[in-house]
Amino acid sequence: MPLPLPDALPPVMPFDADLLPVEIRGWVMDIAHRMQCPPDFPAVGAIAAISSLIGARAVVQPKAKDDWQVVPNMWGLIIGSPGVMKSPALSEALRPLHRLEAAAREAWELEKETWDLDAKVAEMANDANSKSARALVAKDPAKARALLKPADVPPSPLERRFIVNDATVEKLGDLMSSNPWGFLAYRDEIHGLLKGMDREGQEGARAFYLQAYDGNQGYTFDRIGRGTVRIPRVCLSMLGGIQPGRIQSYVRDAVSGGAGDDGLLQRFGLTVWPDVSGDFKNVDQWPDTPAKQMAGDVFDRLGAIGTTGEPRIWRFDPPAQGLFNEWREPFEREIRSDEIHPALIAHLSKYRKLIPALALVFAMIEVTDAGVITESHLTRALAWSDYLRSHAERLYSAAVMPETSAAKTLLSKIVAGALGSTFTPREVAVKHWTGLTTPDAVRKAAELLADYDWLRGGVVRTGGRPSERYEVNPRGAA
């Protein structure tokens with residue numbers, strides 16, 4: 001009899017409500033309960049959104065005697081099949097951010113209306129002065145020159161942006177020049193963005209996004225027709241969702257020297273791929289208003305953070321500093337070893353930023369201006385690192401054992417009778433099933449099934465060109 005195939009995906013840690021500060025815990029868990037979706041989805045959405053409000057307005061110095069600084073802008077990615085409420089969960093988590101965006105736009109429109117009137121008055125004054133100067137130019141050139149001096153008009157008011165959905169890199173640059181402290185780029189389906197940047201000619205776009213992750217470096221656009229746009233600080237938080245099949249395909253390309261092999265994917269430190277229960281309970285109840293209000297207060301408070309030219313520096317208190325050092329030393333030794341897949345090492349190396357950034361976010365959820373990160377904040381961040389690492393291991397298993405998932409798909413088609421008793425790799429590839437779109441991919445999946453006695457393979461000679469054909473083990477198909 002054929003043997004069971006190995007699991008295609010390693011297990012992940014389930015989400016624990018205690019991973020969240022109490023200020024947003026009830027709100028996030030209420031969203032998950034009412035939508036019957038994994039709490040991982042709204043939790044990642046909430047943390048990414050809150051990190052975008054802080055942006056580069058505050059930084060953490062993880063070392064006690066070093067000026068290394070971490071900007072807490074974070075990138076989140078939620079992975080799930082269609083129909084598991086990815087988009088609705090993120091939409092709910094982003095409601096407070098959209099509310100701030102709407103309020104900021106309304107305030108800007110009122111300010112802009114006043115400015116437009118002032119600019120019009122200044123224009124009329126300049127016209128009147130020009131006429132007066134023309135009459136005086138022969139008699140009193142000095143007075144005519146003074147009249148031609150333009151009336152002072154304050155700069156046009158800048159609109160603060162909190163969230164951007166679909167913008168070119170050049171437009172992002174324009175927005176960042178007036179919002180240098182950062183905002184959130186949200187894509188409901190982020191696969192299009194990733195694949196778009198893989199195309200030839202998009203190297204500049206990729207470089208921009210890679211730099212935007214750091215959150216503290218300047219950037220300059222020089223374009224014919226657009227002139228020069230100087231951005232003092234490129235800071236971007238990112239959030240989006242993607243389907244398992246698409247991310248597995250992208251991971252395989254990213255770790256095999258493809259266009260995506262530059263660390264862009266690894267910057268999505270808040271990546272979660274939770275198990276989705278087959279159970280469903282119809283929940284029809286009002287949102288938890290007190291919990292929603294408590295979370296809303298956090299967004300309002302962090303959205304109102306001002307800037308005085310330089311970001312506020314936060315540091316660990318002595319117990320937290322000791323805990324950070326205790327975590328980092330074995331962590332650095334591990335990612336310098338050769339016992340982990342290189343793709344996973346590249347992902348985990350970004351935890352140097354992720355862990356202190358999470359600790360800062362948790363501290364600022366509690367209080368805005370303390371400047372001190374305590375041991376409890378860092379302990380929660382380290383709990384997130386254990387949780388997120390299990391999800392990262394699931395993500396990069398697509399590179400470590402890519403044939404297993406395809407083999408399970410192929411086996412399901414065989415058992416369903418979609419292929420008959422024999423088939424060739426080319427006959428399967430033309431059907432464009434997920435993970436089986438090329439003869440080579442089908443061949444690898446089929447060889448794995450043959451190893452577990454589900455198939456028997458061989459070359460069939462019929463007088464013409466030899467045909468590689470696989471025969472289904474009837475004891476397995478039955």
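Me: What makes the crossing in which α2 passes α3 right-handed or left-handed, and which of the two is it?

Reply: In this predicted model, α2 passes α3 in a right-handed crossing. The name applies because the near helix is turned clockwise from the far one by less than a right angle, whereas an anticlockwise turn would be called left-handed.

Me: Why are α2 and α3 called oblique to each other?

Reply: The axes of helix α2, residues 40-54, and helix α3, residues 86-93, cross at roughly 40 degrees and come within 8 Å. Angles under 35 degrees count as roughly parallel and those from 65 to 115 as roughly perpendicular, with the rest between these ranges taken as oblique, and α2 and α3 are therefore oblique to each other.

Me: Which residues of α2 and α3 make the contact, and how do they divide by class?

Reply: From α2 come Phe41, Pro42, Gly45 and Ala46, while α3 brings Lys86, Ala89, Leu90 and Ala93. Six of these residues are nonpolar, one is polar and one is charged; Gly counts as polar and Lys as charged by the classes used here, so Gly45 is the polar residue and Lys86 the charged one.

Me: What makes an empty space a cavity, and how many of 30 Å³ or more does the structure hold?

Reply: A space is called a cavity because a 1.4 Å probe fits there but cannot get out, and the structure holds two of 30 Å³ or more. The largest cavity has about 60 Å³ of space, and the second largest cavity has about 40 Å³.

Me: Which residues line the largest cavity, and which strand gives the largest share of its lining?

Reply: The lining of the largest cavity includes Val164, Asn165, Asp166, Leu172, Arg187, Tyr209 and Met238, and its largest share, three residues, comes from strand β4, residues 183-189. By class, this lining has eight nonpolar, one polar and two charged residues.

Me: What lines the second largest cavity?

Reply: Among the residues that line the second largest cavity are Asn73, Met74, Trp75, Tyr213, Arg267 and Lys353, and the lining divides into five nonpolar, two polar and two charged residues.

Me: What makes a space a pocket, and what volume does the second largest pocket have?

Reply: A pocket is an open set of points with protein on both sides within 12 Å along at least five of seven lines, and the second largest pocket has a volume of about 300 Å³. Of the 18 residues that line this pocket, the closest to its centre are Thr168, Val169, Met197, Gln202 and Ala205. Its lining takes two or more residues from each of α6, α7, α8 and β5.

Conventions
Residues numbered from 1 in each chain as written. Predicted model: local features only at pLDDT ≥ 70, side-chain atom pairs only at ≥ 80, totals over all residues. Heavy atoms only, no water. Axes fitted to C-alpha atoms, helices over the stretch in contact; angles between N-to-C directions. Helix = DSSP H or I, 4+ residues; strand = E, 2+ residues; numbered from the N terminus. Parallel < 35°, antiparallel > 145°, perpendicular 65-115°, else oblique. Contact = heavy atoms within 4.5 Å. 1 Å grid on protein atoms, 1.4 Å probe; cavity = no way out; pocket = protein on both sides within 12 Å on 5 of 7 lines; lining within 4 Å. Points joined across faces, edges and corners; volume = space filled by probe spheres on them.
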